[in-house]
Amino acid sequence: GTITAGSSSKLSDGGAAVVLASGAFVKKHNLSALARVVAHADVEVAPDQYPISPAAVIPIALKRAGMTAKDIDYYEINEAFSAVSLLVNRMLDLNPAHVNIYGGSIALGHPIGASGARVLVTLTSILQQTSGSVGVAAICNGGGGGTAL
């Protein structure tokens, strides 16, 4: 596809914090967890192939979790360009109705340095609002890396 200003995420300011704690810590301090990380994965692809890194890393995270794509209710995949989401959907045969249902980074913004937290918080909100129980958050970076939880 073609990358244009209209198919790219907007420049946006943002800041975020995500607190990660063990289940034991949450229980000891009588806290409520918003979500639980079952598995994670990181991959590295050639830098010029960075848009495919979510498609490379999601299956690894699913395998580590003992799950398949059929177990996932929703996906939140960070995309600086709309082509990333379209490509990942095609490569993994994902149902577009379950990917970036609030519009992803094109609609919500791609705050550099806070995008990973934005993706996780959005996915957590989606799961709570839809009564979903399992989701995948994934992100690529310009150097060829990809991460999925």
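Is Asp 93 buried or exposed? Keep that in mind as we walk through this predicted model, and start by selecting the residue itself.

**Stop 1: Asp 93**

Look in the loop between H3 and helix H4 (104-108), where Asp 93 lies. Asp 93 counts as exposed, because its relative accessibility is 70% and exposed means over 50%. Now check the backbone: Asp 93 has a positive phi of about 55 degrees although it is not a glycine.

**Stop 2: Ser 131**

Next, select Ser 131 in the loop between helix H5 (115-130) and E3. Here too you will find a residue that is not a glycine but has a positive phi, in this case about 65 degrees. Ser 131 has a relative accessibility of 68%, so Ser 131 counts as exposed.

**Stop 3: the sheet**

Now follow the chain from that loop into the strands. Select E1 (residues 41-44) and E4 (residues 145-148), then add E2 (residues 74-77) and E3 (residues 135-140). In what order do the four strands lie in the sheet? Read across and you get E1-E4-E3-E2, an open sheet with mixed pairing. E1 and E2 are the edge strands: each has a single partner strand, so one side of each has no neighbour in the sheet. On average, neighbouring strands here are turned by 15 degrees against each other, ignoring direction.

Let us take the pairs one at a time:

- E1 with E4: these strands pair in the antiparallel sense over four bridges. Zoom in on Val 43, which stands opposite Gly 146 in E4.
- E4 with E3: this pair also runs antiparallel, joined by three bridges. Look for Ile 139, whose bridge partner in E4 is Thr 147, and for Ala 138, which stands opposite Ala 148 in E4.
- E3 with E2: here the pairing is parallel, over four bridges. Glu 76 has Ala 137 in E3 as its bridge partner.

Before moving on, select the hairpin of E3 and E4, which has four residues between the strands. In this hairpin, Gly 144 takes a positive phi near 105 degrees.

**Stop 4: the two faces of E2**

In a regular strand, side chains alternate between the two faces of the sheet. Show the side chains of E2 and compare its two sides. On one side you will see Tyr 74 and Glu 76, on the other Tyr 75 and Ile 77. Which of these four residues are buried? All of them are, and both faces of E2 are covered.

**Stop 5: helix H2 against helix H3**

Select H2 (residues 53-65) and H3 (residues 82-92) together. Two packed helices are described by the angle between their axes and the distance between the axes. For H2 and H3, the axes come within 8 Å and cross at roughly 45 degrees. That makes H2 oblique to H3. The crossing is right-handed.

Which residues of H2 meet H3? Show the side chains of Pro 54, Ala 55, Ile 58 and Pro 59 in H2, which meet Val 88, Met 91 and Leu 92 in H3. Sorted by class, this contact has seven nonpolar residues, with no polar and no charged ones.

**Stop 6: two neighbours in H3**

Stay with helix H3 and select Val 84, which is found there. With 2% relative accessibility, Val 84 counts as buried, because buried means under 20%. What does Val 84 touch, leaving out residues up to four places away in sequence? Its contacts are Pro 51, Asn 78, Glu 79 and Cys 140. You can also draw a C-alpha to C-alpha distance from Val 84 to Ser 53: they are 31 residues apart in sequence and 9.3 Å apart in space.

Finish with Ser 85, also placed in helix H3. Is Ser 85 buried or exposed? Ser 85 is buried, with a relative accessible area of 10%. Again leaving out residues up to four places away in sequence, Ser 85 touches Glu 79, Val 99 and Asn 100.

Notes. Residues numbered from 1 in each chain as written. Predicted model: local features only at pLDDT ≥ 70, side-chain atom pairs only at ≥ 80, totals over all residues. Heavy atoms only, no water. Axes fitted to C-alpha atoms, helices over the stretch in contact; angles between N-to-C directions. Parallel < 35°, antiparallel > 145°, perpendicular 65-115°, else oblique. Left-handed = near helix turned anticlockwise from the far one by under 90°. Contact = heavy atoms within 4.5 Å. Nonpolar A, V, L, I, M, F, W, Y, C, P; charged D, E, K, R; others polar. Buried < 20%, exposed > 50% of the residue type's maximum accessible area, 1.4 Å probe, protein only. Pairing = 2+ DSSP bridges.
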